Amino acid sequence: MAHFPGGRDVSKKPIRKVAVLGAGVMGSGIAAHLTNAGIPVLLLDIVPPDLDPKEKSKAKRDAFAAGALKKLKKAKPAAFFHKGNASMITVGNFDDDLEKVADCDLIIEAIIERLDIKQSLFAKLEKITDDNTIVASNTSGLRIVDMLSKSGAGFKKRFLITHFFNPPRYMKLLELVAGPETDKGILDRIADFGRNVLGKGIVWAKDTPNFVANRVGAHSMMKVIHLMLEKGLSPEDVDAITGTPMGHPRSATFRTGDMVGLDTLGHVVKNCYEMLTDDEDRDTFKTPEFVATMIERKQLGNKTRGGFYKKSKKGIEVLDPQTGEYRPKAGNQDIKKACKSIAKVEDPAARIKKLVATDGPIGDFAWLALSSSMAYSANRVGEVCDDIIAIDDGMRWGYNWELGPFETWDALGFRETYERMKSDGIALPASIVKMYDSGATAFYKDGNYYDLQKADYAPLKVDAREATLQILKRGESPVLANNGAEAWDIGDGVLAVRFKTKMNSLEPDNIQMLHDATAKAEEDFEAVVITNGGDNFCVGANLFLVAVASSQKKWDDIKALIKSYQYATQRMKYAQVPVVAAPFGMTLGGGLELCYGCDSVQAAAETYAGLVEVGVGLIPGGAGTLNMLWRSLETVPDGMEIDTYAHVTQVFKNIAMANVATSAQEAQQKNYFRKSDGISFDKARLLHEAKQRAIGLARSGYHPPQAREYVLPGESGIATLKMMVNTLVAGGYATEHDALIANKLAVVLCGGVSGAAGPVNEDRMLELECEAFLSLCGEAKSQARMQAMLTTKKPLRN
């Protein structure tokens, strides 16, 4: 086993600097995500081939890598958690800077998929680097034995494939592939880095074409396209079936193809068809003629503003597979209506079961697509990976399926599905037949999974850090419960609050739970964690109640609702036990106000936070104005005389412009979260890490904060902010109604007209906020905005 200075095992050496070779879409995206994790990156690419060989300008020689960095800064969706992370990338070129990689702990190759070029690069790296440097390839189509056919034994020991999914920031999957000679310590080191530093889900794949997720995913997508042509359905019909109803992303099949790029999809399936000569379903990877024609015409999807779908002056158009021409998007309305109804079923297992059970073309198509994918996946165990877990994880993390193929099989019923497949003449591997004959009823059962290679159940390996509320909660019933929320004992003196409302919106019941749970924790627990399920932490208040009350002029009801939430957040803030929020996804309006009421936040990296109430003609009403401003001022030492106008102005801009932070790190930079708050790169560990933060606070001398008060700008500040707003109106950048909202916000943030006369306390700020919120509820145009959403018959989210 190799060691590094100090005598420690090299497998334990932390990875502190990385070189990424190749600044294309994948290489640059990987580089960006490495900086998100605080890892400095050396990003190299070739010298532009059309450059004069005598050109000495380093900037021109670095143009490809520098250009990639420039694109990264403008990327949408954002590649960086915060634009400042770009400063951690140093660009260069292979000719002038390759020797610098010797200072890196890890080198990730992401150059063109040509064997000879990769072999040439690896030969250079073998000479430059020592035994402590790991070299990895991001290839998806070339085999390790071929890439390293000319490499020495020492180089082979420290080489592997690290296959990231695009975009690297957002896709959890990281497939790792070991070569025949790869050192186990190297594999452990990279797996630890991927899992614990980058927040990735690790799937161990075998060195086969397209590994796990792309093999199964490409087969599934191509099977659907072939079935569409066979059954005479339209792309719109297919997308209605294969999206949310099937437990797949809303982009379904053809919109996903447009997002990925038809050139990329074409490359993957061509690679499969050419290399998988013994694959039992090889013909599925044949590119249909109409898709091949699209690729020839450069109708590649979003990147060329036209693929299966495109936007035009006529609206959304879809390519007709029969004619090869675009036509208005339409589709079978009966299929659309039925699939829309099925999509409303929240539990994915029940939803998929309902889809397949639907009579007619919907159920028939869904069964043909799913049964083919499940059978194909079963045949891959032992070939592309060792177990069913790798395939299910790969499809959930790499393709955003809600359930993997074997989880889907369980949802439909293992034995019933097996029998229907056999009746349909679908060939299944001997391992599945043996499983059925053994009397097994499911792939996953009682904390075990069925190991197809060993023909027996084996225990699931569970990372204790990924424990869910279902696992952690103690007792058969919650400590507290009402229609909107529950509070559970999750051990170690921690009480966990979870909302039960749709999209975790704030309503009277869960607001009351915040009061009750805080009081209960002060009596019987050491700390509170607010942890919600679903895709979003909290989308804010359910303003349906506000809209109805406003239309009926029930001002006392609205005032009671405001006061209840204001004092819920204040109650938590000054509780005798620490309260920790665990936000993720959309944390908007009242959701961010909820975080402000907590002592600390442990946020998922992908948390999108902001006070966005102006969008519905209101201002924050749950102490958001107070706590965003007080958060800005909290580092000002006692006794220091400052002009608070600059703080007020920035908070005013953030609220009036509904500025949303697009990551937890950006939320820290905007001061929505504190710099000391935690960020969980893997959302699966969020509850565990939030709980540990709460315990740490509780057991390290916790005392509630002391209330503070500040001298605010008052009348002069209000006047100055109004001038700013009036300028925007005069320039056509804001409406008169926007100005009305902004001016009322200015009054609150400046502490009212008398804000400069003396220190303004929190109660006064809450009064001003409530008054402004109520007055806006009475404004006709604010009511019109709310009423417009009310007529959609959907709860209004701020």
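1. Helix α30 first, beginning with its exposed residues: S716, M723, T727 and A730 are exposed on one side of the helix, and on the other side G714, G717, I718, L721, V725 and V729 are buried. Seen down the axis of α30, those buried residues stay within an arc of 120°, so they line one face of the helix. Here buried means under 20% relative accessible area and exposed over 50%, with partly exposed in between (1.4 Å probe, protein chains only). The arc is taken from the directions that run from the helix axis to the C-beta atoms.

2. A word on what we're looking at. This is a predicted model, in which local features need pLDDT of at least 70 and side-chain atom pairs count only at pLDDT 80 or more, while totals for chains, interfaces and linings use all residues. Numbering starts from 1 along each chain as its sequence is written, and side-chain values use heavy atoms, with hydrogens and water left out.

3. Back to α30 for its surroundings. The cover over its buried residues includes α27 (645-656) and α31 (736-749). The helix itself covers residues 714-730, 17 residues in total, and its first and last C-alpha atoms are 24 Å apart, close to the expected 24 Å at 1.5 Å a residue. That expected span is 1.5 Å times one less than the number of residues. Just after the helix, G732 has a positive phi of about 80°. For the labels, helices (H or I, at least four residues) and strands (E, at least two) are DSSP runs, numbered from the N terminus.

4. On to the cores. The largest nonpolar core holds 104 residues, and L21, L125, I241 and W409 have the most contacts inside it. Helix α16 (residues 361-380) is the top contributor to this core, giving 10 residues. There is also a second, separate core of 98 residues, which includes I562, L626, V636 and L768. A nonpolar core, for our purposes, is a set of buried Ala, Val, Leu, Ile, Met, Phe, Trp, Tyr and Cys residues joined through side-chain atoms within 4.5 Å.

5. I241 deserves a click in the viewer. Leaving out residues up to four places away in sequence, I241 touches L233, M246, I335, C339, L355, P361, I362, F365 and A366. Contact here means heavy atoms within 4.5 Å.

6. How enclosed is α16 by the rest of the structure? Largely: 16 of its 20 residues are buried. α16 reaches 29 Å from first C-alpha to last, close to the 28 Å expected at 1.5 Å a residue. S377 sits in this helix and is buried, with a relative accessible area of 0%. Beyond its neighbours within four places in sequence, S377 is in contact with V216, I391, P405 and F406. After the helix comes G382, with a positive phi near 100°.

7. Now the α24/α32 pair. Helix α24 (residues 555-573) packs with helix α32 (residues 762-777) at an angle of about 145°, their axes 10 Å apart. Axes are lines fitted to C-alpha atoms, for helices over the stretch in contact, and angles run from 0 to 180 degrees between N-to-C directions. α24 passes α32 in a right-handed crossing, meaning that the near helix is turned clockwise from the far one by less than a right angle (anticlockwise would be left-handed). On the α24 side, the residues that meet α32 include I562, Y567 and K573, while the α32 side includes L766, F773 and C777.

8. W555 is in α24 too, and counts as partly exposed at 30% relative accessibility. Its C-alpha is 9.4 Å from that of S775, although the two residues are 220 apart along the chain. W555 touches S550, L774, C777, G778 and Q783, again not counting residues up to four places away.

9. Last, some backbone oddments to check. K76 and P77 are joined by a cis peptide bond, with omega about 0°, and P77 lies in the loop between α3 (63-74) and β5 (89-93). N166 and P167 are also joined by a cis peptide bond, with omega about -5°; P167 is in the loop between β8 (159-164) and β9 (173-178).

10. A252 has a positive phi near 55° without being a glycine, and at 8% relative accessibility it counts as buried. N400, not a glycine either, has a positive phi of about 60°, and at 42% relative accessibility N400 counts as partly exposed. A252 belongs to the loop between α10 (235-242) and α11 (254-260), N400 to the loop between α17 (388-399) and α18 (405-412).
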